[in-house]
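User: Could you take a close look at one part of this model for me? I'd like the sheet and the helix that lies across it, then a word on how the other helices pack.

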Amino acid sequence: MKVSRHAKIIELIGQYDIETQEELAEYLNSAGFKVTQATVSRDIRDLKLTKVSVSGGRQKYVIHRQDEPEINEKYIRVLCDGYLSMDMAQNILVIKTVSGMAMAVAAAVDAMKWNEVVGCIAGDDTIMCAIRTVEDTSAVMEKIRKIISKGM
(Lines give C-alpha, C1' and ligand atoms only; values in the text may rest on other atoms or scores of the structure.)
Protein backbone atom coordinates (compact mmCIF):
# COMPACT_ATOMS: atom_id res chain seq x y z
CA MET A 1 0.00 0.00 0.00
CA LYS A 2 2.83 2.40 0.89
CA VAL A 3 4.60 1.80 -2.43
CA SER A 4 1.44 2.44 -4.46
CA ARG A 5 0.67 5.52 -2.33
CA HIS A 6 4.21 6.83 -2.94
CA ALA A 7 3.78 6.19 -6.66
CA LYS A 8 0.49 8.10 -6.59
CA ILE A 9 2.14 11.01 -4.77
CA ILE A 10 4.86 11.16 -7.42
CA GLU A 11 2.18 11.11 -10.10
CA LEU A 12 0.09 13.82 -8.37
CA ILE A 13 2.95 16.26 -7.79
CA GLY A 14 3.90 15.82 -11.43
CA GLN A 15 0.35 16.62 -12.52
CA TYR A 16 -0.67 19.40 -10.11
CA ASP A 17 0.97 22.31 -8.29
CA ILE A 18 0.39 21.00 -4.77
CA GLU A 19 1.43 23.51 -2.14
CA THR A 20 0.41 21.99 1.21
CA GLN A 21 0.26 18.64 2.96
CA GLU A 22 -3.49 19.12 3.36
CA GLU A 23 -3.87 19.62 -0.40
CA LEU A 24 -1.87 16.46 -1.07
CA ALA A 25 -3.99 14.54 1.46
CA GLU A 26 -7.18 15.70 -0.34
CA TYR A 27 -5.85 14.49 -3.71
CA LEU A 28 -4.83 11.14 -2.19
CA ASN A 29 -8.19 10.69 -0.45
CA SER A 30 -9.97 11.50 -3.74
CA ALA A 31 -7.83 8.83 -5.41
CA GLY A 32 -8.97 6.22 -2.88
CA PHE A 33 -6.07 6.37 -0.44
CA LYS A 34 -7.38 7.02 3.08
CA VAL A 35 -4.61 9.14 4.61
CA THR A 36 -4.14 11.60 7.43
CA GLN A 37 -1.93 14.66 7.42
CA ALA A 38 0.58 12.74 9.58
CA THR A 39 0.81 9.96 6.96
CA VAL A 40 1.33 12.53 4.21
CA SER A 41 4.03 14.22 6.29
CA ARG A 42 5.91 10.89 6.66
CA ASP A 43 5.48 10.17 2.94
CA ILE A 44 6.91 13.59 2.04
CA ARG A 45 9.92 12.88 4.26
CA ASP A 46 10.34 9.32 2.88
CA LEU A 47 10.18 10.55 -0.72
CA LYS A 48 12.47 13.50 0.09
CA LEU A 49 10.08 15.98 -1.49
CA THR A 50 10.95 19.63 -1.43
CA LYS A 51 9.15 22.82 -2.40
CA VAL A 52 10.04 25.12 -5.26
CA SER A 53 8.58 28.50 -6.19
CA VAL A 54 6.08 28.73 -9.03
CA SER A 55 4.34 31.71 -10.60
CA GLY A 56 2.19 33.92 -8.43
CA GLY A 57 4.34 33.57 -5.34
CA ARG A 58 3.10 30.04 -4.71
CA GLN A 59 5.16 26.96 -4.04
CA LYS A 60 4.76 23.33 -5.03
CA TYR A 61 6.18 19.97 -4.02
CA VAL A 62 8.78 18.35 -6.28
CA ILE A 63 11.15 15.42 -5.95
CA HIS A 64 14.52 16.52 -4.61
CA ARG A 65 16.84 15.37 -7.41
CA GLN A 66 20.13 15.59 -5.53
CA ASP A 67 19.67 12.13 -3.98
CA GLU A 68 19.16 10.34 -7.33
CA PRO A 69 20.25 6.77 -6.37
CA GLU A 70 17.68 6.59 -3.57
CA ILE A 71 14.93 8.03 -5.79
CA ASN A 72 15.73 5.40 -8.40
CA GLU A 73 15.31 2.72 -5.72
CA LYS A 74 11.76 3.92 -5.11
CA TYR A 75 10.98 3.79 -8.82
CA ILE A 76 12.51 0.33 -9.03
CA ARG A 77 10.28 -0.82 -6.15
CA VAL A 78 7.20 0.58 -7.92
CA LEU A 79 8.23 -1.17 -11.15
CA CYS A 80 8.84 -4.48 -9.35
CA ASP A 81 5.61 -4.31 -7.33
CA GLY A 82 3.39 -3.43 -10.29
CA TYR A 83 4.97 -5.41 -13.13
CA LEU A 84 3.32 -8.61 -14.45
CA SER A 85 4.60 -9.11 -18.00
CA MET A 86 5.69 -7.38 -21.20
CA ASP A 87 5.68 -7.93 -24.94
CA MET A 88 6.76 -5.95 -27.96
CA ALA A 89 5.16 -5.03 -31.27
CA GLN A 90 7.90 -3.46 -33.39
CA ASN A 91 8.98 -0.37 -31.47
CA ILE A 92 6.01 -0.43 -29.08
CA LEU A 93 6.60 -2.05 -25.70
CA VAL A 94 3.43 -3.21 -23.93
CA ILE A 95 3.75 -3.74 -20.19
CA LYS A 96 1.02 -5.48 -18.18
CA THR A 97 0.70 -4.48 -14.54
CA VAL A 98 -1.29 -5.27 -11.44
CA SER A 99 -4.72 -3.64 -11.75
CA GLY A 100 -4.53 0.07 -10.89
CA MET A 101 -0.72 0.25 -11.06
CA ALA A 102 -0.16 1.09 -14.74
CA MET A 103 0.14 4.86 -14.20
CA ALA A 104 2.59 4.40 -11.33
CA VAL A 105 4.73 1.92 -13.28
CA ALA A 106 4.65 4.20 -16.35
CA ALA A 107 5.79 7.10 -14.15
CA ALA A 108 8.61 4.88 -12.87
CA VAL A 109 9.67 3.95 -16.42
CA ASP A 110 9.58 7.62 -17.45
CA ALA A 111 11.60 8.58 -14.37
CA MET A 112 14.36 6.16 -15.37
CA LYS A 113 15.06 8.63 -18.20
CA TRP A 114 16.18 5.90 -20.58
CA ASN A 115 17.16 7.48 -23.88
CA GLU A 116 15.39 4.70 -25.83
CA VAL A 117 11.98 5.52 -24.32
CA VAL A 118 10.15 8.32 -26.09
CA GLY A 119 7.15 8.19 -23.73
CA CYS A 120 4.52 6.04 -22.04
CA ILE A 121 0.73 5.98 -22.05
CA ALA A 122 -0.99 4.12 -19.21
CA GLY A 123 -4.45 2.77 -18.60
CA ASP A 124 -5.50 0.74 -15.55
CA ASP A 125 -3.32 -2.33 -16.06
CA THR A 126 -1.58 -1.76 -19.41
CA ILE A 127 1.19 0.59 -20.53
CA MET A 128 2.20 1.36 -24.10
CA CYS A 129 5.74 2.68 -24.38
CA ALA A 130 6.91 4.28 -27.60
CA ILE A 131 10.52 3.22 -28.12
CA ARG A 132 12.85 4.75 -30.71
CA THR A 133 13.67 1.55 -32.65
CA VAL A 134 12.95 -2.18 -32.63
CA GLU A 135 16.50 -2.79 -31.35
CA ASP A 136 15.96 -0.26 -28.57
CA THR A 137 12.74 -2.05 -27.61
CA SER A 138 14.71 -5.25 -27.03
CA ALA A 139 17.28 -3.31 -25.01
CA VAL A 140 14.61 -1.73 -22.79
CA MET A 141 13.00 -5.14 -22.26
CA GLU A 142 16.37 -6.46 -21.11
CA LYS A 143 16.81 -3.52 -18.71
CA ILE A 144 13.37 -4.20 -17.22
CA ARG A 145 14.10 -7.94 -16.92
CA LYS A 146 17.31 -7.18 -15.01
CA ILE A 147 15.48 -4.81 -12.65
CA ILE A 148 12.66 -7.30 -12.04
CA SER A 149 15.02 -10.23 -11.47
CA LYS A 150 17.01 -8.23 -8.88
CA GLY A 151 13.85 -6.96 -7.19
CA MET A 152 12.26 -10.36 -6.67
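Analyst: Contact here means heavy atoms within 4.5 Å. With that in hand, and bearing in mind that this is a predicted model, let's start at helix H5. H5 covers residues 102-111 and lies across S3, S4, S5 and strand S6 (126-131). Relative to S5, H5 runs at about 170°.

Now the sheet itself. Its 4 strands make an open sheet, ordered S3-S4-S6-S5, with antiparallel pairing. At the edges sit S3 (83-89) and S5 (117-122), each pairing on one side only. On average, neighbouring strands are turned by 20° against each other, direction ignored. Zooming in on one pair, S3 and S4 (residues 92-97) are joined in the antiparallel sense over 6 bridges. Ala89 stands opposite Ile92 in S4.

On to the other helices. In H3 (residues 37-47), the buried residues are Thr39, Val40, Asp43, Ile44 and Leu47. Looking down the axis of H3, these buried residues fall within an arc of 140°, so they line one face of the helix. That fits a general point: an α-helix has 3.6 residues a turn, so residues three or four places apart point the same way. Right after H3 comes Lys48, with a positive phi near 55°.

H1 (residues 2-15) and H3 have axes that come within 11 Å and cross at roughly 80°, which makes H1 roughly perpendicular to H3. From H1, Lys2, Arg5, His6, Ile9 and Ile10 meet Thr39, Asp43, Asp46 and Leu47 of H3. Sorted by class, this contact has 3 nonpolar, 2 polar and 4 charged residues.

Note on methods: Residues are numbered from 1 along each chain as its sequence is written. This is a predicted model: local features need pLDDT of at least 70, side-chain atom pairs count only at pLDDT 80 or more; totals for chains, interfaces and linings use all residues. Side-chain values use heavy atoms; hydrogens and water are left out. Buried means under 20% relative accessible area, exposed over 50%, partly exposed in between (1.4 Å probe, protein chains only). Helices (H or I, at least four residues) and strands (E, at least two) are DSSP runs, numbered from the N terminus. The arc is that of the directions from the helix axis to the C-beta atoms. Two strands pair if DSSP finds at least two bridges between them. Axes are lines fitted to C-alpha atoms, for helices over the stretch in contact, and angles run from 0 to 180 degrees between N-to-C directions. Angles under 35 degrees count as roughly parallel, over 145 as roughly antiparallel, 65 to 115 as roughly perpendicular and the rest as oblique. Ala, Val, Leu, Ile, Met, Phe, Trp, Tyr, Cys and Pro count as nonpolar, Asp, Glu, Lys and Arg as charged, and the others, Gly among them, as polar.
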